[in-house]
Amino acid sequence: MIPPRLEAKLRATCRKAVYYGFRHKCPFCGSSLRAFLPFGFEFTVLKEMKVAGGGYRPNALCPVCSSLDRERLVYLFLLHKTDIFERPGRLLHVAPEARLAEIFRTTENLDYLTADISAKTAMVEMDITNIQFPDASFDVIICNHVLEHIIDDGKAMSELHRTLKPGGMAILQVPVSQALKDTYEDFEITDKAEREEVFGQGDHVRIYSSAGYQHKLARAGFKVNAFNWIAEPGSFGGKRNLFGLSEQEPVFLVRKYG
Ligand SMILES: [Zn+2]
């Protein structure tokens, strides 16, 4: 019997050797890789609607630590475009991604809290449309790939805004269509297979358009910024895409006016 932690370590070492190369590097586990692995659903609608941050990507998953392209993008953005790792602050991480959570947990300046609809995967159970924390509780909120699952996303956005301190910031990633002019949603569609066909995932309730998403965030009171790493690739692995990021995926950084 090999203890599970040792087994995981051995598996990672083995994968590091199998995928070793110079084309890519994972910013989480530091592995030098010849390739990342494919990941994501292949539903036609995702391709037709040119959905960034979702759908099938050939170069998405780290074979060693299982980080995804979208997780690596958020990490690099926080590292190079914010002062989150230097400034003391209270961070709420909703639906926490494992690799990011590991980094935040071990960052001494952060007072770190994770929350999810089920407490199994986080420190506290939380309904994002009815957050149990008082106004102005957090300096930073990170809530990725949640809002596209929530019917009352306007209420969720206003709750995120309410619990953020004035001047505080949030990263709120969702998949966005680069083909749609307006967000497409239909709450009558509840069947999993039908949702897969029209939204590209069985538990999504809409496909945001990039403009529609940003307008909705602005209506909730946020100052919205969409950052495209490919416009300034320097700290993001350069044009050769060292870190295996999606070239289409923007980072949505919002701030509460302070
Ligand atoms: Zn990795």
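Two strands pair if DSSP finds at least two bridges between them. Helices (H or I, at least four residues) and strands (E, at least two) are themselves DSSP runs, numbered from the N terminus. By that rule, strand β7 (residues 110-116) and β8 are joined by two bridges and run parallel. One position shows the register: Ala 115 has Val 124 in β8 as its bridge partner.

The model is predicted, with local features needing pLDDT of at least 70 and side-chain atom pairs counting only at pLDDT 80 or more, while totals for chains, interfaces and linings use all residues. Residues are numbered from 1 along each chain as its sequence is written, and side-chain values use heavy atoms, with hydrogens and water left out.

The β7-β8 pair belongs to an open sheet of seven strands, ordered β8-β7-β6-β9-β10-β15-β14 with mixed pairing. Its edge strands, each paired on one side only, are β8 (124-125) and β14 (222-227).

Further along this sheet comes β9. Strand β6 (residues 89-94) runs parallel to β9, and four bridges join them; here Val 94 has Cys 143 of β9 as its bridge partner. Four bridges also join β9 to β10, again in parallel, and Ile 142 is matched with Ile 171 in β10. β9 is mostly covered, as six of its six residues are buried. Buried means under 20% relative accessible area, exposed means over 50%, and partly exposed lies in between (1.4 Å probe, protein chains only).

Two helices lie across strands of this sheet. Contact in this setting means heavy atoms within 4.5 Å. Axes are lines fitted to C-alpha atoms, for helices over the stretch in contact, and angles run from 0 to 180 degrees between N-to-C directions. Helix α5 (residues 153-163) lies across β9 (138-143), β10 (164-171), β14 and β15 (251-256), and runs at about 130 degrees to β10. Helix α7 (residues 210-219) lies across β14 and β15, at about 150 degrees to β14.

α7 also leads to a second sheet: the helix lies across β11 and β13 (206-209), running at about 85 degrees to β13. This open sheet has four strands in the order β4-β11-β13-β12, with mixed pairing. Its edge strands are β4 (51-52) and β12 (184-185), each pairing on one side only. β4 and strand β11 (residues 176-177) are antiparallel and share two bridges, with Ala 52 opposite Val 176 in β11.

The zinc site remains. Which residues coordinate the zinc ion? The donors are Cys 26 (SG), Cys 29 (SG), Cys 62 (SG) and Cys 65 (SG), at 2.3 Å. Donors are N, O and S atoms within 2.8 Å of the metal (3.2 Å for Na, K and Ca); water is not among the atoms, so sites may look incomplete. In sequence, the donor residues follow the spacing C-x2-C-x32-C-x2-C.

Why is the arrangement tetrahedral? The four donor atoms subtend angles of 106 to 114 degrees around the zinc ion, and four donors count as tetrahedral if all angles lie between 85 and 135 degrees. Cys 26 counts as buried because its relative accessibility is 1%. Cys 62 is likewise buried, at 1%, whereas Cys 29 is partly exposed, with a relative accessible area of 24%. The structure holds zero disulfides, a disulfide being a pair of cysteine sulfur atoms within 2.5 Å.

Key
Four donors count as tetrahedral if all angles lie between 85 and 135 degrees; four count as square planar and six as octahedral if opposite donors are over 155 degrees apart and all others between 65 and 115; anything else is irregular.
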